[in-house]
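User: I'd like to take a close look at one small part of this protein and see how it sits among its surroundings. Here is the model I have open.

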Amino acid sequence: MSVLIAATALPCGLLIGLLLGALGGGGSVLAVPALVYLMGQSPHAATAGALVVVAVGAVSGLLCHARAGRVRWAAGATFGALGTAGSYAGSRWSAALDPGVLMAAFSVLMLVVAAGMVLRGGRRSAPAATGDGAPEPAPPEERSTPRGWPTRLRQGRRSRELTRPAECGRRPEGPAVPRPRPLRTVLTASAVGLLTGFFGVGGGFVVVPALTLVLGLEMPVAVGTSLLVILVNSGVALATRAGTGSLDWPLLATLAACAAAGSHLGNRLAGHLRPQTLTTSFAALVAVLALAMAASTLPGL
C-alpha cells in the first residue's frame, strides 16, 4: 500500500464512519466508489473489500446497541441465518459479472439509497411540530386534567384506561404485531442477503424496514438488531469471496479503522446537527456520485 493511497484512505474512512454514526446507516455505500475511483481497486475487489468495512462498522455499532438493550439476538441470528443462501448466491453472481455491468448496477443502487433516505427523512420530520412551529399538543388525558393535580393521579387515570375491558365491537388500542409468516420471512431474509452479497453493502435501509414489518420489532430495536443481520450476511459474503481474488488487507484495515473511529465521532455529533439537513446533503452527494458512475460506465457497455 503506497503512502498516497494510505493518505486517501484516512479521510475516506473517517467520512464513511461519520455518516454511519450520524445517520445510523448509508455511509458504507460510499466504500465501493471510494475504493474504485480513489484507491485504484477493481470493481470486484472493491465490492469484496467493502464487506470488511461493513463488518467492522456493524460490530462497532452492535456493541453500542447491545449495551443499551436494543438487540434481539435470537431474532437477528435467525433472520441472518435465513439470508445466508442469498448472500452466498449474490457473492457468486457478483464475481461472475462484467465489471462495467456491476458498476452500472451499483449506480442504480445508489440512486435508490438516495431516494429512500430523502423519503425517510421527510416522514421523520413531518409530524415533529405544528405548522407554526409550536410544540405538539399534549395527550388527551393530560389536557383534561388540571395542572395542579399530582402526577401520580394522572398516571393512575391513564393506567385505568389501559386496563379497562374493551367495549363490545371495539378493539383494544396498541400496536398491531404482525402474524408470523414463515415464507415471507424466508423470502425477505434471502433478498437482504442477496443484496449484501452482490453489492458488498450492509443494506440497513432494507434490513430495518424488513425487521419492523416482518418481525414486528420497534424501530430502535430494529436498528440495533439489523446490525447483527448485517454482520452475519457480510461475514458469509466475505467468506464466499475469500478464494475469488486477493484483497489489499492493509488498505482495508486502515479504511475500516478510520470508519470505526469516525462512527464514534458521528454518534457524538449527531445531537448537534439537524438530521433533515444532514440526510438531504448526504442524499444529494450519493445521487451526484451515482450519476457520475453511470456516465462513466454506461457508454462502455
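How many of the 8 residues of H2 are buried, and what encloses this helix?

Analyst: Happy to walk through it with you; keep in mind that this is a predicted model. In H2, 6 of the 8 residues are buried, so the helix is largely enclosed by the rest of the structure. The buried ones are Ala31, Val32, Pro33, Ala34, Leu35 and Val36. Just past the helix comes glycine 40, with a positive phi near 70°.

Let's take one residue of this helix as an example. Alanine 34 belongs to H2. Its relative accessible area is 8%, which means it counts as buried, since the cut-off is under 20%. Setting aside neighbours within four places in sequence, alanine 34 touches Cys12 and Met39. Threonine 8 is 26 residues away from alanine 34 in sequence, yet their C-alpha atoms are 9.1 Å apart in space.

Met39 leads us on to the wider interior. The largest nonpolar core has 40 residues, and Met39 is listed with Val29 and Phe106 as having the most contacts inside it. H2 (31-38) is one of the elements that give two or more residues to this core, alongside H1 (3-23), H3, H6 (99-125), H9 (182-199), H12 (249-269) and H13 (275-297). H6 provides the largest share, 8 residues. Val29 shows how far along the chain such contacts reach: beyond its neighbours within four places, valine 29 meets Phe106, Met110, Val113, Val201, Phe282 and Val286. Apart from this core lies another, of 14 residues, including Val192, Leu211, Val221 and Val229.

H3 also has a helix partner worth a look. The axes of H3 (residues 43-67) and H11 (residues 219-241) come within 8 Å of each other and cross at roughly 150°. That angle is over 145°, so H3 runs roughly antiparallel to H11. Their crossing is left-handed. On the H3 side, the residues in contact include His44, Leu51, Val52, Ala55, Val59, Leu62 and His65. H11 contributes, among them, Val223, Leu227, Leu228, Leu231, Leu238 and Arg241. Sorted by class, this contact has 15 nonpolar, 6 polar and 1 charged residues.

To come back to your helix: H2 is largely enclosed by the rest of the structure, and it gives two or more residues to the largest nonpolar core.

Terms used. Residues numbered from 1 in each chain as written. Predicted model: local features only at pLDDT ≥ 70, side-chain atom pairs only at ≥ 80, totals over all residues. Heavy atoms only, no water. Axes fitted to C-alpha atoms, helices over the stretch in contact; angles between N-to-C directions. Helix = DSSP H or I, 4+ residues; strand = E, 2+ residues; numbered from the N terminus. Parallel < 35°, antiparallel > 145°, perpendicular 65-115°, else oblique. Left-handed = near helix turned anticlockwise from the far one by under 90°. Contact = heavy atoms within 4.5 Å. Nonpolar A, V, L, I, M, F, W, Y, C, P; charged D, E, K, R; others polar. Core = buried A, V, L, I, M, F, W, Y, C linked by side-chain atoms within 4.5 Å. Buried < 20%, exposed > 50% of the residue type's maximum accessible area, 1.4 Å probe, protein only.
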